[in-house]
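User: I would like to go through a structure and check what lies behind the labels. Please keep the answers short.

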Amino acid sequence: MAADLTPAELTLLGLLVEKPRHGYELDEVIDARGMREWTEIGFSSIYYLLTRLRDRGLIAEVDAPQGGRGKARRVYGPTPEGYRACARAAEAAVAELRPVFPPLLVGLANQPVIPPERLRAALDQRAAALAERTATIRAARDAQPDVPDFVRATFDYALGQLAAEQQWLTEYRAALVDDRSLEKKADGNGPL
């Protein structure tokens with residue numbers, strides 16, 4: 001990803017490139033599209049990020065029709081430079097293979113200290129969480145049948161990642177059942 005935009009900034013800027021929005025509307029879109037599954041944007045950080053993007057000249061307040069009731073909201077849209085920055089950063093995010101640092105790998109690297117029955121329970125818990133997350137994302141995707149293809153792609157990518165992990169987890173759990181050496185490794189000082 002381009003070094004000048006964080007993933008959270010790029011996410012908000014991209015939503016504003018789609019159409020000018022106010023902070024509350026950005027939060028609604030982030031929720032509806034399941035974006036919190038893959039980006040760290042809380043409601044409280046939206047306004048902070050909008051201020052950063054505005055201060056950098058990437059977005060500006062735009063004229064928007066005011067609703068009949070309630071407080072007027074600031075609606076932001078991209079500046080020409082914001083549009084260009086979004087395009088550069090989005091292209092880099094798609095093209096560049098970047099490492100990820102899932103805590104699961106840290107846990108697996110330290111697996112020998114986990115008693116076998118607790119390891120199996122932890123893997124069972126992970127399987128249940130994966131199934132729940134898959135159902136949540138699938139429901140969010142299915143609730144929005146008319147979204148543009150690029151939005152559907154974000155749902156489908158997330159579901160593909162979850163399916164790949166579920167497949168790996170199924171195979172790994174089966175291998176652990178077959179590998180009775182886990183129990184044999186335990187001695188008086190733990191599972192090592």
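Analyst: We can take one helix pair and then the largest pocket; note that this is a predicted model.

User: Why are α2 and α3 called oblique to each other?

Analyst: The axes of α2 (residues 23–32) and α3 (residues 43–55) cross at roughly 125°. Roughly perpendicular covers 65 to 115 degrees, and roughly antiparallel needs over 145. The angle fits neither class, so the pair counts as oblique.

User: Which hand does the crossing of α2 and α3 have?

Analyst: α2 passes α3 in a right-handed crossing. The axes come within 10 Å.

User: Which residues make the contact between α2 and α3?

Analyst: From α2 come G23, Y24, L26, D27 and I30. On the α3 side they meet F43, I46, Y47 and L50. Contact here means heavy atoms within 4.5 Å.

User: What makes up this contact by class?

Analyst: Seven residues are nonpolar, one is polar and one is charged. Gly counts as polar and Asp as charged. G23 is therefore the polar one, and D27 the charged one.

User: Now the largest pocket. How much space does it hold, and which residues lie nearest its centre?

Analyst: The space is about 2300 Å³. The lining has 45 residues, with E37, W38, T39, V100 and Y157 nearest the centre.

User: Which helix gives the most to that lining?

Analyst: α7 (149–178) does, with 10 residues. α1, α4, α5 and α6 also supply at least two residues each.

User: How does the lining of the largest pocket divide by class?

Analyst: It has 30 nonpolar, five polar and 10 charged residues.

Conventions. Residues are numbered from 1 along each chain as its sequence is written. This is a predicted model: local features need pLDDT of at least 70, side-chain atom pairs count only at pLDDT 80 or more; totals for chains, interfaces and linings use all residues. Side-chain values use heavy atoms; hydrogens and water are left out. Axes are lines fitted to C-alpha atoms, for helices over the stretch in contact, and angles run from 0 to 180 degrees between N-to-C directions. Helices (H or I, at least four residues) and strands (E, at least two) are DSSP runs, numbered from the N terminus. Angles under 35 degrees count as roughly parallel, over 145 as roughly antiparallel, 65 to 115 as roughly perpendicular and the rest as oblique. A crossing is left-handed if the near helix is turned anticlockwise from the far one by less than a right angle, and right-handed if clockwise. On a 1 Å grid over the protein atoms alone, a cavity is a set of points where a 1.4 Å probe fits but cannot get out, and a pocket is an open set with protein on both sides within 12 Å along at least five of seven lines; lining residues have an atom within 4 Å of a point. Grid points are joined across faces, edges and corners, and a volume is the space filled by probe spheres set on the points.
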